[in-house]
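Reader: I would like to work through some features of this model one at a time. Please give the general idea and then the case at hand.

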Amino acid sequence: MRSFWSPKGTRWSIARQLFVLQVLVVTILVAIGTTGAVLLARGDAEQAAIDQVTGIAEAVARAPTVIAAVRTPNPTAVLQPYVESIRKATRTDFIVVMATDRTRWTHPTAGLIGQPFIGSIDEALAGGRVVEHHMGTLGESVRTVLPVRDEAGAVIALVSVGITTDAINERLLSRAPAVVVPTVLALLLAAAGSWLLSRRLRRQTHGLGPAEMTKMYEYHDAVLHSVREGLLVVDRAGRVTLVNDEARKLLGLSAADGGKADGGAAESGDGADDEAGLPPEIRRLLASGAVVADEPVLAGDRVLVANQRVIRSEGQRIGAVLTLRDHTELRALTGELDSVRGLTEALRAQAHEAANRLHTVLTLVELGRADEAVRLATAELAVAQQLTDQVVGAVAEPALAALLLGKSAQAAERGVQLVVDDASHLDGAPLPSRDLLTVVGNLVDNALEAVAAAEPPRVVRVLVAEENGEVRIRVSDNGPGIADAGAAFGRGWTTKQDGRGVGLSLVRQVADRHGGSYAVTAAAGGGAEVSVRLPVPS
């Protein structure tokens, strides 16, 4: 729509343009309707006048007084007062009785009696009827001419009855209020309706004009396509109304799931298709309508950080906005950094202990007790080498072996004995190293946290074995156990006061991705035992 301009040179809003356009359209339509109604009323008035004068003419032509008077030497003396009384009673403008040669015997104007009649009479002389609009001595009129017949049916005179056009117009004007009042009411109602509609539209568009709304759309479209955060908008009923490109990528939505997103927006009908394509945790978050800040959620194989805010307009809640940031790589790096930090701390503690033992050995040598020094040094070396040989011999995957050795040193620092089960054996890398590290690292970390507050001896047992076409991972501890085993793998479940509850949900995510299984049971000696089975691809 092209913008209108006000006298002050400012652009009209869409609401004002719509109001003016509606008023113009309604006015034109009402004017056309009124004109049509007037024309129809005029036609009806003329037809009613024709019917009236025809009926009066037939009555006069058949009147015995008229038939008898036309045979007398002076018909005017009898007919003039007779037809004038009828004319006044019927409110017609003239009744003319004439001879067959047009000579008038009667007329409202006495001076015209005896003069020839002006108008068509041929059909009436032939026994028919003449109906016409004609300009006569009284002005333009609608008239009817009929024959007067004797007993034998011969035409002995003619009768003409007419109503002037001015009289018809006066009758029509008397009916004007019946047309004008509904017309004015229709215009007022239409104007009021247009005003209410424009007022509502002004509130909804905030008084913006087409140019402003076009620019706003272009700016929003550019922002929605270029922003590197996922964005979802839901209405007050919880239906997804907008999904930008980044959100579709992060959530793995197709065009069919997310709706059409031209311009960054995805309109949906009942929201069912949109919600069906969303991950369960995103659906739960949107359905809750809660205000959240930096909450981690799982979406497929991604770890996202979600922020949700409520949208309000004029104090009314109209929906919610959910933004998503991808923290998958960051969390992976953070996990690796935590592992390295833990390993560093363990190595630092071992270096401290090794320094102490070295000083002890040197002191024994200085005291001349060399045999005791050799026995002490070889005993410590044998213990460390035994654990290394056991892990490396059982687990051929170097990254996983390094993780277990690091976790063993970390456990020793915490006063926990980490035992690698003798049945452990893993040849090569049957599964991606990253997935194995995610499962084993999180399970061992959770077990170490579980036994931290337990009474000594604190023991964590680890089994990693490949058998029957699957990798079996089992981690058990002698801690307090898990009260709600069914919810342990859900996001947000944690036993730590400052925990996020992501570790076991990541384990579940890896298991689901590989089509595996996971379970939590009570360990034989108390505590909890977590088992994960991951099929090995053929």
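**Salt bridges, a sheet and a core**

Author: In this predicted model, the side chains of Glu151 and Arg71 form a salt bridge, with N to O at 2.6 Å. Glu151 sits in the loop between strand S3 (139–149) and strand S4 (155–164), while Arg71 sits in the loop between helix H2 (64–69) and helix H3 (75–90), 80 residues apart.

Reader: Is Glu151 buried or exposed?

Author: Glu151 is exposed, with a relative accessible area of 66%.

Reader: How should I read a salt bridge inside one helix?

Author: An α-helix has 3.6 residues a turn, so residues three or four places apart point the same way. Here Arg87 and Glu84 both belong to helix H3 and are three residues apart, about one turn of the helix. Their closest N and O atoms are 2.9 Å apart, forming a salt bridge. Arg87 and Glu84 are both buried.

Reader: Which parts does the salt bridge of Arg325 and Asp294 tie together?

Author: Side chains of opposite charge can pair when their charged atoms come close. The side chains of Arg325 and Asp294 do so at 3.2 Å, N to O. Arg325 is in strand S9 and Asp294 in strand S7, so the pair ties together parts 31 residues apart in sequence. Arg325 is partly exposed, at 26% relative accessible area, and Asp294 is partly exposed too, at 36%.

Reader: What is the strand order of the open sheet of five strands?

Author: The order is S6-S5-S9-S8-S7, with antiparallel pairing. Strand S6 (240–243) and strand S7 (292–299) are the edge strands, each pairing on one side only. The twist averages 25 degrees from one strand to the next. Strands S8 (residues 302–313) and S9 (residues 316–326) pair in the antiparallel sense over ten bridges. Arg325 appears again here, as the bridge partner of Val305 in S9.

Reader: Which helix lies across these strands?

Author: Helix H11 (residues 280–288) lies across S5, S6, S7, S8 and S9, and runs at about 150 degrees to S7.

Reader: How much of helix H16 is buried?

Author: Nine of the eleven residues of H16 (503–513) are buried. These buried residues pack against H11, S7 and S8, as well as helix H15 (433–451), strand S13 (517–522) and strand S14 (528–535).

Reader: Which residues touch the most other members of the largest nonpolar core?

Author: Among the 35 residues of that core, they are Val439, Val440, Leu443, Val460, Val462, Ile473 and Leu534. H15 gives the most to this core, with eight residues.

Methods. Residues numbered from 1 in each chain as written. Predicted model: local features only at pLDDT ≥ 70, side-chain atom pairs only at ≥ 80, totals over all residues. Heavy atoms only, no water. Pairing = 2+ DSSP bridges. Helix = DSSP H or I, 4+ residues; strand = E, 2+ residues; numbered from the N terminus. Axes fitted to C-alpha atoms, helices over the stretch in contact; angles between N-to-C directions. Contact = heavy atoms within 4.5 Å. Buried < 20%, exposed > 50% of the residue type's maximum accessible area, 1.4 Å probe, protein only. Core = buried A, V, L, I, M, F, W, Y, C linked by side-chain atoms within 4.5 Å. Salt bridge = Lys/Arg side-chain N within 4 Å of Asp/Glu carboxyl O.
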